[in-house]
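Student: Please take me through one part of this predicted model in detail. I would like a close look at one pair of strands, and then at what lies around it.

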Amino acid sequence: MQNFNFKSPTNTKEATKLASGRATFLAGGMSLLPAIKLRLASYSDLINIKKIKGLSGIKVTSKSVKIGATTTHAMVANSKDVGKTIPSLAMLAEGIGDPQVRNRGTIGGSIANNDPAADYPSACLALNATIHTNKRKIPADKFFKGMFETDLKKGELIEAVEFEIPEKSAYAKFPNPASRYAIVGVYVSKLKKEIRVAVTGVESVVFRCKKIEEALLNNFSPSSINSITISSKGFNADIHASAEYRAHIIKVMAKKAISSC
Ligand SMILES: Cc1cc2nc3c(=O)[nH]c(=O)nc-3n(C[C@H](O)[C@H](O)[C@H](O)COP(=O)(O)OP(=O)(O)OC[C@H]3O[C@@H](n4cnc5c(N)ncnc54)[C@H](O)[C@@H]3O)c2cc1C
C-alpha cells in the first residue's frame with residue numbers, strides 16, 4: 001500500500017477545501033482502494049466523506065426519490081420507501097456485487113466512478129435523474145461523459161442523486177457471474193412525459209437506446225421490439241462476450257425488463 005494522509009471532515013465545505021492537488025474523496029472505497037493497491041492510481045490525501053452529516057439518507061416526495069451520496073447500496077435495496085416508489089431501483093441495488101460491496105459501496109461513489117459496466121448509471125439515465133453537487137445540479141444526460149469520466153470538476157462533491165418517480169420501470173441485467181457487474185444491463189422506464197431505455201455494460205459509457213424507446217412509444221410491449229436490429233458497431237468485446245453477443249443480449253434484456261414493468 002502507498003502512503004497517504006487520511007482526513008475525515010464533518011462538513012461539505014471542509015471536504016471540498018481539502019480536495020485540492022493530489023487529494024481525492026473516499027466513500028465506500030470499493031473501487032478506489034483496489035485501484036490504489038494495484039498502483040493504477042496514487043493520491044497524497046484521501047478525504048473520507050462518510051463522516052459528513054446529511055450526505056446519507058433517502059427522501060421521497062410525490063415526484064422524486066432523492067438519495068444522499070454516501071447512502072450504501074444495501075440501504076437502497078432495503079429501503080421500504082424506495083421499494084414502494086421505484087421498486088426497480090431497489091432491485092438494481094440488491095443485484096450489485098456481493099453483501100460486502102453492498103454494505104460499503106455508495107451511490108455517489110458508483111456514479112462518480114462511472115465504470116462502463118456499473119448498474120446505477122443506467123438508472124440515472126432511465127429515471128431522468130438530477131445529480132446534486134456542492135456547486136450545481138447536473139442532469140444525468142450530461143453527467144456521464146466517457147469511460148470512468150463524468151462532468152464533475154476537480155474537488156466537486158456529489159451530495160445526492162434525485163430520481164424521477166416513473167409510472168412503471170424495470171431493470172434486467174445479464175451479470176458477469178463473478179463480479180455481478182453488467183455484461184449487459186437494460187433499464188426501461190415509462191415516465192410521465194417520455195419513455196427512456198438505458199443500456200450499460202455495452203459501450204465505454206452508458207447510453208440511451210433510441211430505437212427501443214421509439215418502438216415502445218407506439219406499443220409498450222416486448223413484441224414491439226421484435227423487428228429492431230441493434231448494430232454491434234463500437235460495442236465492447238472481451239473474454240466474457242463478443243460485441244455481436246452483447247447486441248443480441250440487449251434485446252433479450254430489454255424484453256425481460258419491458259415484461260416486468
Ligand atoms: C467485487 C466487486 C463487485 C462489484 N460489483 C458491482 C456490480 O455488480 N455493479 C456495480 O454497479 N458496481 C459493482 N461494484 C462497484 C461498487 O458498486 C462500488 O461501490 C462503486 O463502484 C464505488 O463506490 P464506493 O462508494 O466504494 O466509492 P469509492 O471507491 O470510495 O470511490 C470511487 C470514486 O468515486 C469518487 N467519489 C466517491 N464518492 C464521491 C462523491 N460523493 N462525490 C464525488 N466523487 C466521489 C472517489 O474519489 C473515487 O474516485 C463492485 C465492486 C467490487 C469490489
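Tutor: Strands S11 and S12 pair in the antiparallel sense, with 8 bridges between them. S11 covers residues 168-175, and S12 covers 182-190. One bridge can be named at the level of residues: Lys168 has Lys190 of S12 as its bridge partner. The two strands form a hairpin with 6 residues between them. Within this hairpin, Arg180 takes a positive phi near 75°.

Ala178 also sits in the loop between S11 and S12. Is Ala178 buried or exposed? Ala178 has a relative accessible area of 70%. The cut-off for exposed is over 50%, so Ala178 counts as exposed. S12 itself reads otherwise: 8 of its 9 residues are buried, and the strand is mostly covered. For a sense of distance, take Ala178 and Lys7. They are 171 residues apart in sequence. In space they are 33 Å apart, C-alpha to C-alpha.

S12 has a further antiparallel pairing, with strand S13, residues 195-200. Here 6 bridges are found. S12 and S13 form a hairpin too, with 4 residues between the strands. Lys190 stands opposite Ile195 of S13. Lys190 is thus a useful residue to follow: it is the bridge partner of Lys168, and it faces Ile195 in the S12-S13 pairing.

Now place these strands in the chain. The chain is divided into domain 1, residues 1-51, and domain 2, residues 168-260. The centres of the two domains, taken over C-alpha atoms, are separated by 34 Å.

Next, the sheet of S1, S2 and S3. Three strands form an open, parallel sheet in the order S1-S3-S2. S1 (5-7) and S2 stand at the edges, each with a single partner strand, so one side of each has no neighbour in the sheet. The twist from one strand to the next averages 25°. S2 and S3 (residues 45-48) are joined in the parallel sense by 4 bridges. Within that pairing, Ala23 stands opposite Asp45 of S3.

Another sheet has 5 strands. It is open and antiparallel, in the order S4-S5-S10-S6-S7. Its edges are S4 (58-60) and S7 (137-139). Each has a single partner strand, so one side of each is left without a neighbour in the sheet. Neighbouring strands are turned by 20° against each other on average, direction ignored. Inside this sheet, S6 (residues 130-133) and S10 (residues 158-164) run antiparallel and are joined by 4 bridges. His132 has Ala160 of S10 as its bridge partner.

S10 also leads to a pocket. In the second largest pocket, S10 gives the most to the lining, with 3 residues. The volume of this pocket is about 300 Å³. It is lined by 13 residues, and the closest to its centre are Lys63, Ser64, Glu164, Ile165 and Lys192. By class, the lining divides into 3 nonpolar, 4 polar and 6 charged residues.

That leaves the largest pocket. It holds about 1,200 Å³ of space. Its lining has 47 residues, with Ser31, Leu32, Gly109, Ala112 and Asn113 nearest the centre. Four elements give two or more residues each: strand S2 (23-26), helix H2 (32-37), helix H7 (107-113) and strand S9 (149-150). The largest share, 5 residues, comes from H7. The classes here are 22 nonpolar, 16 polar and 9 charged.

Which domains supply this lining? At least three residues come from each of domain 1 and domain 2. This brings the view back to domain 2, residues 168-260, where the hairpin of S11 (168-175) and S12 (182-190) began this tour.

Key:
Residues numbered from 1 in each chain as written. Predicted model: local features only at pLDDT ≥ 70, side-chain atom pairs only at ≥ 80, totals over all residues. Heavy atoms only, no water. Pairing = 2+ DSSP bridges. Axes fitted to C-alpha atoms, helices over the stretch in contact; angles between N-to-C directions. 1 Å grid on protein atoms, 1.4 Å probe; cavity = no way out; pocket = protein on both sides within 12 Å on 5 of 7 lines; lining within 4 Å. Points joined across faces, edges and corners; volume = space filled by probe spheres on them. Nonpolar A, V, L, I, M, F, W, Y, C, P; charged D, E, K, R; others polar. Domains from an automatic or database assignment. Buried < 20%, exposed > 50% of the residue type's maximum accessible area, 1.4 Å probe, protein only.
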